[in-house]
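These are my notebook entries on a structure I looked up, kept in the order in which I worked through the strands, a helix and the interior.

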Amino acid sequence: MANIGFIGLGIMGAPMAKHLADNGHKLFTYSQTPTPSTLIEAGASVCACGTDVAKAADIIIVMVPDTPHVEDVLFGEHGLSKGLTAGKIVVDMSSISPVATKDFAKRINALGCEYLDAPVSGGEVGAKAASLTIMVGGSEEAFEKVKPLFQLMGKNITLVGGNGDGQITKVANQIIVALTIEAVGEALLLASKAGADPARVREALMGGFAASRILEVHGERMIKRTFDPGFRIDLHRKDLNLALATARQLNMSLPNTATAQELFNACAARDGGGWDHSAMVRALEVMANFEIGQQAGNTK
């Protein structure tokens, strides 16, 4: 069994780390949030800083919110880079900038260490169920060494290409998810305002070519008005910012991604940054002066 470092024990990181501990790996942890008692009971050693994690572990996993957080974890005053020695592997499972990822990888490689970017999809539910989709960028040799750990946290695990390719795959995933949420929201809102029962419309659509996981899960959220996250709008906004920034660097346009981002921004302006991302539909409802499930003919 390997000595594994894990930095970032939030909504996603804590259950991911728990799967590793439950399967016999020795964990060395550091997080801005308290280490869950379940991990301590499973034998995790709590370290004082990232440098100490790097010294103790052979493979170090990072799971923090955004690009600046990853940079600080890697290269800050008490960062991993201060404790790394040749031959160790750093695995960033956060969702961050593909461009910054390539730079981070080069800097870690210069220390004689391997670097994998391995963002995930599946949210808190997938983290708890060990059913995450994991999109990996880096060398095949490093991937094969870490793959047994990935298999304890996820189901669909793909080495996409070199460093940065895992992150750009996650960005692509978030574009598809956001645009599909928008499409489902428009469709159910139109049907509802026209007088149809949105629950039955959704049921009918689930049997056709329009069927999707988002129609299934988030369509139900829209109908039942259950907008507790899940995956917060603020986090999805961050991911779409990465998409749009990368597109600008590549001199290309992502017009529908920009529209989805503006709808998220409208929700955030109503203090909805903490809503589940399915609540994008609320921005559409404001423009329609109608809520899904509202009795047709009555406007607010």
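How many bridges join β1 to strand β4? I counted on a predicted model throughout, and I found four bridges between β1 and β4 (residues 59-62), with the two strands running parallel. Looking at single residues in this pairing, I noted that I7 stands opposite V62 in β4.

I then turned to the pairing of β1 with β2 (residues 26-30), where five bridges join the strands, again in parallel. I7 appears here too, since its bridge partner in β2 is Y30. Following the chain from β1 to β2, I passed through helix α1 (residues 13-22), and I recorded this β-α-β crossover as right-handed. As for exposure, I found β1 (residues 3-7) mostly covered, with four of its five residues buried.

My next entry concerns helix α7 (residues 140-153), whose 14 residues reach 19 Å from the first C-alpha to the last, close to the 20 Å expected at 1.5 Å a residue. I nevertheless noted a kink of about 50° at K147, shortly before the proline P148. The buried residues I listed in α7 include A142, F143, V146, L149, F150 and M153.

Last, I searched the interior for voids and found one cavity of 30 Å³ or more, with a volume of about 30 Å³. Which residues line this cavity? I listed S95, I96, Q167, K170, V171, Q174, D239 and L242. Helices α8 (165-193) and α11 (233-249) each supply at least two residues of this lining, and α8 gives the most, with four residues.

Note on methods: Residues are numbered from 1 along each chain as its sequence is written. This is a predicted model: local features need pLDDT of at least 70, side-chain atom pairs count only at pLDDT 80 or more; totals for chains, interfaces and linings use all residues. Side-chain values use heavy atoms; hydrogens and water are left out. Buried means under 20% relative accessible area, exposed over 50%, partly exposed in between (1.4 Å probe, protein chains only). Two strands pair if DSSP finds at least two bridges between them. A crossover is right-handed if, with the strands pointing away from the viewer, the path from the first strand over the helix to the second runs clockwise. The expected span of a helix is 1.5 Å times one less than its number of residues. The bend at a residue is the angle between axes fitted to the seven residues ending there and the seven starting there. On a 1 Å grid over the protein atoms alone, a cavity is a set of points where a 1.4 Å probe fits but cannot get out, and a pocket is an open set with protein on both sides within 12 Å along at least five of seven lines; lining residues have an atom within 4 Å of a point. Grid points are joined across faces, edges and corners, and a volume is the space filled by probe spheres set on the points.
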